[in-house]
Amino acid sequence: MFEKVLIANRGDVALRIHRACREMGIRTVAVHSTADADAMHVRLADESVCIGPPASKDSYLNIPAILTAATVTGADAIHPGVGFLSENADFAEIVEAHGFVFIGPSPQHIRDMGDKIIAKRTVKALGIPCVPGSDGPVDSVDAARAAAEEIGYPVLIKATAGGGGRGMKIAHKPEDVAEAYTMARREAGAAFGNDEVYMERYLGKPRHIEVQIVGDGKGHVVHLGERDCSLQRRHQKVLEEAPSPALNAAARAKIGEIAANACAKMNYRSLGTLEFLYENGEFFFIEMNTRLQVEHPITEMITGIDLVREQIQIASGAALSFTQDDIQLNGHSIECRINAENPRTFLPSPGQVTDYHAPGGLGVRVDSALYAGYRIPPYYDSLIAKLIVHGSNRNECLLRLRRALDEIVIANVETTVPLHQDLSKAPDFINGEYDIHWLEKVFLAG
């Protein structure tokens, strides 16, 4: 096992990794920008190293600075966390070339699954159903029109290197194709430095269902059930729950088995999440995330498995600590992403948190790096806390969620807590009757 892990991240995920390491007897190294000198992950880590000024490109994305920090502190391994360099194949490769262990998948798996076209080809060949679409990149408006006729309208034009909804446009009819294609390419080039796009059928009212898997890199893969992440705004997840109210036991078992078998054939190592659209009883693969997910706690709550601990153990060369037969899904869990934003306009609200109180009690967990007096910097993602609740069934979970949301106090900055309070009482949400468009087109529009 490792003696010291450098955590190449910040915020609640850095704390999450620190806590897993501490319980495993592993010392931690925090890296931080000058803006995060007083951050909680810096305070709790065994050692800390400043790696640059506030801008992410000069600190949390600064690979030479991170490697220097790992070298001078004598770290054995580097955990990339979520975002920043967590799905950067070059970073994983450089980490390993410098003699550190990268706590995550192989660089090749990160690279293959990071390219949406290669990912679709790979999983399709392994028996995973995909949304009907173009065979590869589409390199002209005429080619886009021809592909759309074959796929059938409406179609989605997407960046091959995309994510978070950027570089993604819908064409409902032939007259829309030229504008949608041009805008998708322009947006993709600006966001990802790669303007290559491809196309697939646009589904009208799908759910976003994702399957958590974990593999040892030797052909042993276990699936840990699914998460329903359909409540999204601008393609960003707002609230997640597990298991999905849209699936029955047979559908759950089927997609879990398909995902695990495919990843076993890939000899996948570490945590991974296969994301699907689900409509009319059919699953369609959209992408695979080769890292720890923000919403991983709800899987931990219904399985009782510490995913970060498992991820670290696998990276150290250990075998999986459980088999598929050991996995029992217990009850229901919901996670609310709490952002420092106005709950109606979604404008960021950085500033000093003068008072902070986290809810507690049975079945309530808060993953956050907040404390009273903490100043939320304006330079990074506005996610400041994750409220996770668990109940023996979905109704108990919803009642506990409302109670916990009423208890939380984050003073002097605006947050999305009021949004979640309203959402937890919305009849469509209570009844589990929503799709990926419902939050924006129905709930927020109303």
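This is a guided tour of a predicted model, with one selection at a time.

**Stop 1: the parallel sheet**

Start by selecting strands E1 to E5. Five strands make an open sheet in the order E3-E2-E1-E4-E5, and their pairing is parallel. Strands of a sheet pair through backbone hydrogen bonds, either parallel or antiparallel. Look at the two edges, strand E3 (47-52) and strand E5 (101-102), each of which pairs on one side only. At the E5 edge, strand E4 (residues 77-79) runs parallel to E5 and is joined to E5 by 2 bridges. Select Ile-78 and Phe-102 to see bridge partners, with Phe-102 lying in E5.

Now add helix H3 (residues 63-73), which packs on this sheet. Helix H3 touches strand E1 (4-7), strand E2 (27-33), E3 and E4. Its direction makes about 155° with that of E3.

**Stop 2: two crossing helices**

Hide the sheet and select helix H7 (residues 141-151) with helix H8 (residues 177-192). Two packed helices are described by the angle between their axes and the distance between the axes. For H7 and H8, the axes come within 9 Å and cross at roughly 120°. The crossing is right-handed. Show side chains where the helices meet: Val-141, Ala-144 and Arg-145 from H7, and Val-177, Ala-178 and Tyr-181 from H8.

Move next to the loop between H7 and strand E6 (155-163), where Pro-154 lies. Which kind of peptide bond leads from Tyr-153 to Pro-154, cis or trans? It is cis, with omega near -5°. Most residues other than glycine have a negative phi, and most peptide bonds are trans.

**Stop 3: the antiparallel sheet**

Select strands E9 to E14, then add E17 and E19, and look for the sheet. The order of its 8 strands is E13-E12-E9-E10-E11-E14-E19-E17, in an open sheet with antiparallel pairing. Its edge strands are strand E13 (282-289) and strand E17 (364-368), and each pairs on one side only. Neighbouring strands here are turned by 25° against each other on average, with direction ignored.

Within this sheet, pick out E10 and E11. These two strands run antiparallel and are joined by 4 bridges. Asp-228 has Glu-241, in E11, as its bridge partner.

Two residues in the loop between E10 and E11 deserve a selection: Arg-234 and His-235. Phi of Arg-234 is near 50°, a positive value in a residue other than glycine. His-235 also has a positive phi, near 65°. Arg-234 is exposed, with a relative accessible area of 56%, while His-235 is partly exposed at 45%.

**Stop 4: Glu-226 and its surroundings**

Stay with strand E10 (residues 221-233) and select Glu-226 in that strand. Is Glu-226 buried or exposed? Glu-226 is buried because its relative accessible area is 2%, and buried means under 20%.

Show the polar partners of its side chain. One is Arg-252, whose side chain makes a polar contact of 2.9 Å with that of Glu-226. Another is Ser-244, whose backbone nitrogen lies 2.8 Å from a polar atom of the Glu-226 side chain. Beyond its neighbours within four places in sequence, Glu-226 is in contact with residues including Ile-209, Val-211, Ala-242, Pro-243 and Leu-247.

Two of those contacts, Ala-242 and Pro-243, are linked by a cis peptide bond with omega near -5°. Pro-243 belongs to the loop between E11 and helix H9 (249-265).

**Stop 5: the nonpolar cores**

In soluble globular proteins, nonpolar side chains tend to be buried together. How many residues are in the largest nonpolar core? The largest core has 38 residues, and Leu-387, Phe-429 and Trp-438 are those with the most contacts inside it. At least two residues each come from strand E11 (236-242), strand E14 (332-339), strand E19 (383-391), helix H12 (394-407), helix H13 (417-423) and helix H15 (438-443). H12 gives the largest share, 5 residues.

Select Leu-387 and display what surrounds it. Leaving aside neighbours within four places in sequence, the contacts of Leu-387 include Ile-334, Cys-336, Ile-338, Val-364, Val-366, Leu-401, Ala-404 and Leu-405.

For the last selection, turn to another core that lies apart from this one, with 29 residues. Among them are Val-13, Met-24, Leu-292 and Ile-305.

Terms used. Residues numbered from 1 in each chain as written. Predicted model: local features only at pLDDT ≥ 70, side-chain atom pairs only at ≥ 80, totals over all residues. Heavy atoms only, no water. Core = buried A, V, L, I, M, F, W, Y, C linked by side-chain atoms within 4.5 Å. Buried < 20%, exposed > 50% of the residue type's maximum accessible area, 1.4 Å probe, protein only. Contact = heavy atoms within 4.5 Å. Pairing = 2+ DSSP bridges. Axes fitted to C-alpha atoms, helices over the stretch in contact; angles between N-to-C directions. Polar contact = N/O pair within 3.5 Å; in protein donor to acceptor, adjacent residues only side chain to side chain. Left-handed = near helix turned anticlockwise from the far one by under 90°.
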